[in-house]
Number of protein chains: 2
Amino acid sequence: MKQIDLMKELHVSSDKKIILLVMDGLGGLPGKEGKTELEAARTPNMDRLSRDSIVGLSTPVAPGITPGSGPGHLSLFGYDPLEHQIGRGVLEALGIGMNLNPKSLAARGNFCSLDPETGVITDRRAGRIPTEKCAALVERLSAITIEGVDIIVRPVKDYRFALVLEADGLAGALTETDPQKTGLKPLAVEALNDESRKSADFLNQWIAKAFAILKDERPANGCTLRGIAKDPGLPSYAEVYGLNACAIATYPMYKGISRLVGMEVLDAGDTIASEIETLKASWNRFDFFFFHVKKTDSAGEDGNFDAKVKVIEETDTFIPQIMELDPDVLIITGDHSTPSALKSHSWHELPILLYAKNIRRDMVTTFGEVACMQGGLGHIRHTDIMPIAMAHADKLTKYGA
Amino acid sequence: MKQIDLMKELHVSSDKKIILLVMDGLGGLPGKEGKTELEAARTPNMDRLSRDSIVGLSTPVAPGITPGSGPGHLSLFGYDPLEHQIGRGVLEALGIGMNLNPKSLAARGNFCSLDPETGVITDRRAGRIPTEKCAALVERLSAITIEGVDIIVRPVKDYRFALVLEADGLAGALTETDPQKTGLKPLAVEALNDESRKSADFLNQWIAKAFAILKDERPANGCTLRGIAKDPGLPSYAEVYGLNACAIATYPMYKGISRLVGMEVLDAGDTIASEIETLKASWNRFDFFFFHVKKTDSAGEDGNFDAKVKVIEETDTFIPQIMELDPDVLIITGDHSTPSALKSHSWHELPILLYAKNIRRDMVTTFGEVACMQGGLGHIRHTDIMPIAMAHADKLTKYGA
């Protein structure tokens, strides 16, 4: 039996509340003085909490696998990221705050330059046109209509845009139109199975109309579609866990992924302080709170060790306010590691702290990567986190008699 | 390849002997002075043994999942409890010592009260009639015969009884007859697939005859059948491991589960001391000994920390006698945790101690939950235990060339 089915079968209601505090890209590598960002940060509150907690290390997807934001969060939410995949088009659309639903089909679009005579691509990024130009072109493309389907186009950044179709019976087994090099014509969308024929037909109609509109533009007189994908149709948190869950996040991408699993996305401002206010204000309305801190990851991506330390320290200062709410279960971890030494996501395990009222404490008294190696949780997978949290919140009944 | 198939393929014979000592519900949570029951207990013998052993923590089914006795033991025996399930009817029958075999179909029965005019249920438990009354009614129901099937009915407790049918071609995809509330008539058994039609037919015939017999009884003038299930037809220990295995247990349930995997169930009295005598007396006849201590779990279920400590201490006093037998492999663990703080089974990992003559020792010198967090076995699953035990007893050959 798969974990999700087991959760569907075993979940029961309780009045206990769970907070999943995710510091994006939390895991690090030794930098200054041989310490990771989390170890170098002054985190008296998390250290104190670790004494009443059990800690360990968690692998997001599988050993050695560096996750993108999609798989990192899906696994935190308890959905096997090797089974449930979020297509790139869907992530692109979510990343700019577009709402998707199970009828949606989303694609990443690139404006490109075509040779007006031969139609072959001369620049796959249309000279990296500025975002304003992109927005103006998208405005023109918004005029396209096709019978039987709702169409939304939105600018992303530079030459990139997002296209979402919404209709019954769309499917995502489709080829991309970008031939991946210049000197070739854009390809047609091809259906890779019968169910996807309708989608291919809609997209090819859209492309024909788009090319007609763009014909006299320079340099962006064409476009390609990539990562065409359906909303993954994930079973909701209510269905899987019986939870009334909300998402407190500042970036559209994370709001979007939360919406895919049926969380109510709250308006949380754009600082950790405003997110904390949102948490407090909504405390009585939900029993599960996904709380996302973005800037640990941004600092890591920038290779800025000190900035990442500062975000961790800032987050730590809010722990007392979180504990004042008296959560029954509090998990602190990240979706994936983003060591500033690597300036990118990495495969490294995440330190994880699990506080609960009836916890089997371990001997660890600080929160950091090396300390967590000695933790009582041992080495777990991100997909284990939700079942463990549910158990500690008395939300799972016995399996078998 | 599934683990069971791997074991079937790789097992070889050796003259070495394995003891699996299961203290039911062993795992605990911090109580007095921050120690678990096992940590609080004086266990000089197990502590001494831990110096020549490797220890760790083991998850019965999956992280966060609280197992019933069935899944807890199946996983200890090396059968994936998410794949092999023991139905409630089967457990009920095993629990009162009924013998089952792959031709058996078992159900839990409840006597109930019916409105004599309308036939709707007025009390789903027939006023909780005493066990003696139940036994007398079961005696009357024992007269029922149906051509082509052997039928056994036995009283369980209060209003509950167990019904076992035995015939070729029975199957267990069947609905229950209890409508789950009063004011409704008992339902007919329905087959959920073609193979189960014969079983549904037999059961509905039995119910009609039972209702005729009970018609003038008060308050128990009807009955319902629930948890109707086939013997799971597990491959035997001889087949999977090549082991000549016996079970030394005091409670019918554990004897029954052992019988499901083909262990010879020995008459072991009803104390740990009598179980030890049975172990000694049968030492030359078997190469695998499942030794079950029940009362750790009973004390945990009662929320009686001190009583659980005492059962652990009593068990510890018998360790020297066990070691005098010179077992090649001795495993000490539990089927699931039953912390007295929770008064119920729980999902927490089990401390496990593995003694073997050629063990790779770790640094741990006591046997307890927190000590085991530092153990050399790390965090394993219950289904890992049998392969590890087999390996230490030289009973597994190399996989692949």
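This section describes the sheets, a helix pair, the chain contact and several backbone features of a predicted model with chains A and B.

In chain A, eight strands form an open sheet with mixed pairing, in the order β9-β8-β10-β1-β11-β12-β2-β13. The edges of this sheet are β9 (264-265) and β13 (378-381) of chain A, each of which pairs on one side only. Strand β1 of chain A, spanning residues 18-23, is mostly covered, with six of its six residues buried. In a regular strand, side chains alternate between the two faces of the sheet. In β1(A), I18(A), L20(A) and V22(A) point one way, whereas I19(A), L21(A) and M23(A) point the other way, and all are buried.

On one side, β1(A) runs parallel to strand β10 (residues 288-293) of chain A, to which six bridges join it. Within this pairing, V22(A) of β1(A) has H292(A) in β10(A) as its bridge partner. Strand β11 of chain A, residues 329-333, also pairs with β1(A) in the parallel sense, over five bridges. Here I19(A) stands opposite L330(A) of β11(A). An antiparallel pairing is found between strand β2 (residues 53-59) and strand β12 (residues 350-356) of chain A, over six bridges. In that pairing, L353(A) of β12(A) is the bridge partner of V55(A).

Chain B likewise contains an open sheet of eight strands with mixed pairing, and its order is β9-β8-β10-β1-β11-β12-β2-β13. Its edge strands are β9 (264-265) and β13 (378-381) of chain B, each pairing on one side only. Toward the β9 end of the order, strand β8 (residues 245-248) of chain B runs parallel to strand β10 (residues 288-293) of chain B, with four bridges between them. C246(B) has F289(B) in β10(B) as its bridge partner.

Helix α5 of chain B is largely enclosed by the rest of the structure, because eight of its eight residues are buried. These buried residues are R88(B), G89(B), V90(B), L91(B), E92(B), A93(B), L94(B) and G95(B). They pack against α4, β3 (104-114), β5 (150-157), β6 (160-166), β7 (222-230) and α9 of chain B. Just after α5(B), G97(B) adopts a positive phi of about 85°.

The packing of α5 (residues 88-95) of chain B on α9 (residues 252-260) of chain B occurs at an angle of about 120°, and the two axes are 7 Å apart. The two helices are therefore oblique to each other. Their crossing is right-handed. From α5(B), the residues L91(B), L94(B) and G95(B) meet P252(B), M253(B), G256(B) and I257(B) of α9(B). Of the residues in this contact, five are nonpolar, two are polar and none is charged.

In chain A, helix α5 (residues 88-95) and helix α9 (residues 252-260) pack at an angle of about 120°, with their axes 7 Å apart. This makes α5(A) and α9(A) oblique to each other, and their crossing is right-handed. L91(A), L94(A) and G95(A) of α5(A) form the contact with P252(A), M253(A), G256(A) and I257(A) of α9(A). The contact comprises five nonpolar, two polar and no charged residues.

The contact between the chains takes 27 residues from chain B and 22 residues from chain A. On the side of chain B that touches chain A, the elements giving two or more residues are α4 (69-76), α5, α14 (369-372) and β13 of chain B. By class, that side has 16 nonpolar, nine polar and two charged residues. Helix α5(B) thus has residues in the contact with chain A as well as in the contact with α9(B).

Several backbone features lie in loops. Most residues other than glycine have a negative phi, and most peptide bonds are trans. A cis peptide bond nevertheless joins R218(A) to P219(A), with omega about 0°. P219(A) is placed in the loop between α7 (197-214) and β7 (222-230) of chain A. In chain B, R218(B) and P219(B) are joined by a cis peptide bond, with omega about 0°, and P219(B) is in the loop between α7 (197-214) and β7 of chain B.

Although not a glycine, D158(A) has a positive phi of about 50°. D158(A) lies in the loop between β5 (150-157) and β6 (160-166) of chain A and counts as partly exposed, because it has 17 C-beta neighbours inside 10 Å. A126(B), also not a glycine, has a positive phi of about 50°. Its position is in the loop between β4 (121-123) and α6 (131-141) of chain B. A126(B) is buried, as 26 other C-beta atoms are within 10 Å.

Key
Residues numbered from 1 in each chain as written. Chains lettered and ligands numbered in written order. Predicted model: local features only at pLDDT ≥ 70, side-chain atom pairs only at ≥ 80, totals over all residues. Pairing = 2+ DSSP bridges. Buried ≥ 20, exposed ≤ 12 C-beta atoms within 10 Å, placed from the backbone. Axes fitted to C-alpha atoms, helices over the stretch in contact; angles between N-to-C directions. Parallel < 35°, antiparallel > 145°, perpendicular 65-115°, else oblique. Left-handed = near helix turned anticlockwise from the far one by under 90°. Contact = placed C-beta atoms within 7 Å. Nonpolar A, V, L, I, M, F, W, Y, C, P; charged D, E, K, R; others polar.
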